[in-house]
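Me: I am new to this structure and should like to understand the terms used to describe it. May I put some questions about how each description is justified?

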Amino acid sequence: KMPEYWMLALFLVEQYAMTQEESSSCKYAPYIKSLPDETGNVLEWTGREAGDLLKGSPLERMAYQMVTDVKQGVKEITKLTKTHPNAYYVTEARLRWAFSLLFSRVVRLTSRNRQLALIPWADMLNHQSDVRTYIDWDDKENAVVFRGDREYNIGDEVFVSYGPRSSGDLLLTYGFVPSTATDPEIEKVDLRLVLDGYDPYAGVKKAALKQYGLDSTWTFPLQLNRYPAGLIEYASFLAFRPQSDEEVEFYAKQLFGPAERRAIPKEVSQSGRELIKQECFNALSRYRGTVESDRLMLEEQEVISQKSIMSQDKRPAAAAAVRLRERAILRKTRDVIDKTGNVVLDLLRRNPFQDLFNQY
């Protein structure tokens, strides 16, 4: 009856306990003994570190939720196993260790309906963002396989893809950040839009949003050179000032109705863009420190020459790199969102690495 993650965490703890017994015949002993004590992901951060290093970033909320979920899992597993004869090895510290390892090592096997799996030894392959192949189950081989997408020479390190994860995702889950952002298609920062409770038509708008499967609060993943689907429509609906209930219903249908009939009326589009611009300003103002101080930290830590910035020994620098990339996306969205025609096309097509990422 346990969730998959809980079951795997308990299995890891059990296997660890078996390796501590001299008479044990644990077949996973070599693997278990090779596992690190720490991974650097957010489960190992102190509450103060998360609050300080992620201040203002949407990752702060995500980190809090991840830690809270694991605390709840540890509490429930401890309760469920307290009457087990070997309950002595199911400690809170060892369960937190297991969850931390799972965050950084577990995979979902796409060809087996995204089954959660821990793959000994294969989970030690490092991530590289330009790799396009994954660990997966192969029915013909009747095994988990990884097929490289390039030629490797003897002695070369073989890399795998952990999926299209942003720098922020990698930091929280795996405990590292690529030293340079290499793919603008996967870097993102969440922008949260909320219906104004003081809007005289807030109740009618909320009901209209619900009718189309939307809530009065919605989060959109902003990227460097594209807008997420539905962003302009949602912001326009929140921002426009109706004169009647019928007008709310009319614009809701225009913005969220059948795809072939959707349109963003010019009279509401501009107010929506202005709302997005203002929220980008607000989001930027919440970050700790300045862009200059974050760049200076990366220079002082001398991490740009490395492939990855590891959270275990360079946590402030890793967080600074993430903040810089998130701010870059928010700044670009702020500067582009109310532009039209060739101006916006030029800004969106401009080389994002030169303009935004590599100015450290």
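Me: Where does Met124 lie?

Reply: The model is a predicted one. In it, Met124 belongs to the loop between strand E2 (115–117) and strand E3 (126–127).

Me: Why is Met124 called partly exposed?

Reply: Its relative accessibility is 32%. Buried means under 20% and exposed means over 50%, with partly exposed in between. Met124, at 32%, therefore counts as partly exposed.

Me: Which residues is Met124 in contact with, leaving aside its neighbours within four places in sequence?

Reply: They are Tyr31, Ser34 and Arg105. Contact here requires heavy atoms within 4.5 Å. As for Val74, which is 50 residues from Met124 along the chain, the C-alpha atoms of the two are separated by 25 Å.

Me: Val74 is part of helix H4, I believe. What is the reach of H4 from its first C-alpha to its last, and what is expected?

Reply: Helix H4 covers residues 58–81, which is 24 residues, and reaches 35 Å. The expected span is 1.5 Å times one less than the number of residues. For H4 that expectation is 34 Å, and the reach of 35 Å is close to it.

Me: Which residues of H4 are buried, and what do they pack against?

Reply: The buried residues of H4 are Leu59, Ala63, Met66, Val70, Gly73, Val74, Ile77 and Thr81. Their packing partners are helix H1 (4–19), helix H5 (92–105), helix H6 (167–174) and helix H12 (311–336).

Me: What makes strands E8 and E9 a pair?

Reply: Two strands pair if there are at least two bridges between them. Six bridges join E8 to strand E9 (residues 217–222), and the two run antiparallel. Within this pairing, Asp190 stands opposite Pro221 in E9.

Me: Which face of E8 is covered, and which is uncovered?

Reply: In E8 (residues 189–194), the covered face holds Val189, Leu191 and Leu193. Asp190, Arg192 and Val194 form the uncovered face.

Me: How many helices and strands does the protein chain have, and what percentage of its residues is buried?

Reply: The secondary structure comes to 14 helices and 10 strands. Of the 360 residues, 46% are buried.

Me: What are the counts of positive and negative side chains, and how far apart do the centres of the two sets lie?

Reply: The protein chain has 49 positive and 51 negative side chains, and the centres of these sets are 3 Å apart.

Key: Residues are numbered from 1 along each chain as its sequence is written. This is a predicted model: local features need pLDDT of at least 70, side-chain atom pairs count only at pLDDT 80 or more; totals for chains, interfaces and linings use all residues. Side-chain values use heavy atoms; hydrogens and water are left out. Helices (H or I, at least four residues) and strands (E, at least two) are DSSP runs, numbered from the N terminus. Buried means under 20% relative accessible area, exposed over 50%, partly exposed in between (1.4 Å probe, protein chains only). Lys and Arg count as positive and Asp and Glu as negative; His and the chain ends are not counted. The place of a charge is taken as NZ of Lys, CZ of Arg, CG of Asp or CD of Glu.
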